[in-house]
Amino acid sequence: MSTPRYDVITIFPEYLSPLSLSLIGKAEERGLLATKVSDLRAFTSGVHKSVDDTPYGGGAGMVMSPVPWGEAIDVIAEEAEGEGLSTHTLIILTPAGRRLDQAFAYELAQKEHLIFACGRYEGIDYRVTDHYSTRDHFEVIEVSIGDYVLGGGEVATLVILEAVIRLIPGVLGNAESLKEESHTLRDESTEPLVEYPNFTKPPEWRGLEVPPELLSGNHGLIAKWRVAAAKERTEKLKDQTRE
Ligand SMILES: C[S@@+](CC[C@H](N)C(=O)[O-])C[C@H]1O[C@@H](n2cnc3c(N)ncnc32)[C@H](O)[C@@H]1O
């Protein structure tokens, strides 16, 4: 796969400044991926640089106009095609979208070009979804990070990018650690499990000791303890979400 590219379109570009930090920033410095944040207002015409208007049919709030969105997405797609990328996955952030989970993050990590459309107000005119769903070289996915309503798509984009980028080969120092993580870890029934609890030095802290199996040096015993602990923790979590 060519170097993946991640574009973000927003009216608050500063919101995305964490992209230059930590794991994502380092991965970009190492040439493993490219990110670009674009200001939607740069694609407006008129002195007011307006991006929203009143909803057809009435009701509270404002809706983002499809006009600057279309301009911005077309320019970004053309730029990416100039860099040799041929397919574009337009991610429209919305609480009405497909919920992000680890399996979905793995799917997104296979894509060569993600374009994140960060909504504000009541969201983006739905014709943007409809238009790019039928355009050659585009696929559109509406994505939610959970069943709650945020003020905008910027934080959701950061969440998705953080989940996706650490799955790209070479980004994590030790790719082995991905196999044993929550929601990837499986038991013999192939049910996804959350990770077992982790411990480090000192061996005793505030009267609490590390489980003796982990200090035994016996790899079989450690593996067995970890699977049992992961199952127990998964069950506890299921009970909490059922309550
Ligand atoms: C106030 S919300 C709009 C909510 C919309 N009127 C509704 O009821 O579905 C503004 C923007 O925040 C973003 N957003 C809010 N909650 C989100 C979530 N759970 N996941 C992803 N994006 C979200 C979307 O981009 C959305 O367009």
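Arg99 is partly exposed, because its relative accessible area is 47%, and in this predicted model its side chain meets that of Asp147 in a salt bridge of 2.9 Å, N to O. The two partners come from distant parts of the chain: Asp147 is in the loop between strand 7 and helix 5, Arg99 is in strand 5, and they are 48 residues apart. Asp147 counts as exposed, at 60% relative accessibility.

Why might such residues pair up? Side chains of opposite charge can pair when their charged atoms come close. How many salt bridges does the model contain? The count comes to 12. Here are three of them.

| Salt bridge | Closest N and O atoms |
|---|---|
| Asp147 and Arg99 | 2.9 Å |
| Lys36 and Glu79 | 2.9 Å |
| Glu154 and Arg120 | 2.8 Å |

Take the bridge between Lys36 and Glu79. Lys36 sits in strand 2 (residues 34–39) and Glu79 in helix 2 (residues 66–82), so this pair ties together parts that are 43 residues apart in sequence. Lys36 is partly exposed at 34% relative accessibility, and Glu79 is also partly exposed, at 30%.

Now look at the bridge between Glu154 and Arg120. Glu154 belongs to helix 5 and Arg120 to the loop between strand 6 and helix 4, so the pair ties together parts that are 34 residues apart in sequence. Are these two residues buried or exposed? Both Glu154 and Arg120 are buried. Elsewhere, salt bridges that share partners join Arg5, Asp7, Lys36, Glu79 and Glu83 into one network.

Arg5, a member of that network, lies in strand 1 (residues 5–10). Its relative accessible area is 4%, which means that Arg5 is buried, the cut-off being under 20%. The Arg5 side chain makes a polar contact of 2.6 Å with the side chain of Asp7, and another of 2.9 Å with that of Glu79. Setting aside neighbours within four places in sequence, Arg5 also touches residues including Ala34, Ile76, Leu85 and His113.

Next, visit helix 5, the home of Glu154. Its 12 residues (154–165) should span 16 Å at 1.5 Å a residue, and its end C-alpha atoms are indeed 16 Å apart. Nine of the 12 residues are buried, so helix 5 is largely enclosed by the rest of the structure. Among the buried ones are Ala156, Leu158, Ile160 and Val164. What do the buried residues pack against? Their partners are strand 1, helix 1 (22–29), strand 5 (88–99), helix 3 (102–108), strand 6 (113–117) and strand 7 (138–144).

Helix 5 is not the whole story, and the surface deserves a look too. Phe12, Tyr15, Tyr148, Leu150, Val155 and Val159 make a nonpolar surface patch of about 500 Å². Tyr148, one of these, is in the loop between strand 7 and helix 5, and counts as partly exposed because its relative accessibility is 42%.

Finally, some backbone details. Most residues other than glycine have a negative phi, and most peptide bonds are trans. His137, in the loop between helix 4 (127–133) and strand 7, has a positive phi near 70 degrees. His183 has a positive phi near 75 degrees and is found in the loop between helix 6 and strand 8; its relative accessible area of 45% makes it partly exposed. Pro202 is in the loop between helix 6 (176–179) and strand 8 (204–205), and a cis peptide bond, with omega about 5 degrees, joins Lys201 to Pro202.

Key: Residues are numbered from 1 along each chain as its sequence is written. This is a predicted model: local features need pLDDT of at least 70, side-chain atom pairs count only at pLDDT 80 or more; totals for chains, interfaces and linings use all residues. Side-chain values use heavy atoms; hydrogens and water are left out. Helices (H or I, at least four residues) and strands (E, at least two) are DSSP runs, numbered from the N terminus. Buried means under 20% relative accessible area, exposed over 50%, partly exposed in between (1.4 Å probe, protein chains only). A polar contact is a pair of N or O atoms within 3.5 Å; within protein, one must be able to donate a hydrogen and the other to accept it, and residues adjacent in sequence count only if both atoms are side-chain atoms. Contact means heavy atoms within 4.5 Å. The expected span of a helix is 1.5 Å times one less than its number of residues. Patches are made of residues with over 30% relative accessible area and no salt bridge: like charges are joined within 9 Å, nonpolar side chains (Val, Leu, Ile, Met, Phe, Trp, Tyr) within 5 Å. Accessible areas come from the Shrake-Rupley method with a 1.4 Å probe; for residues, only the protein chains shown count as cover. A salt bridge is a side-chain nitrogen of Lys or Arg within 4 Å of a carboxyl oxygen of Asp or Glu.
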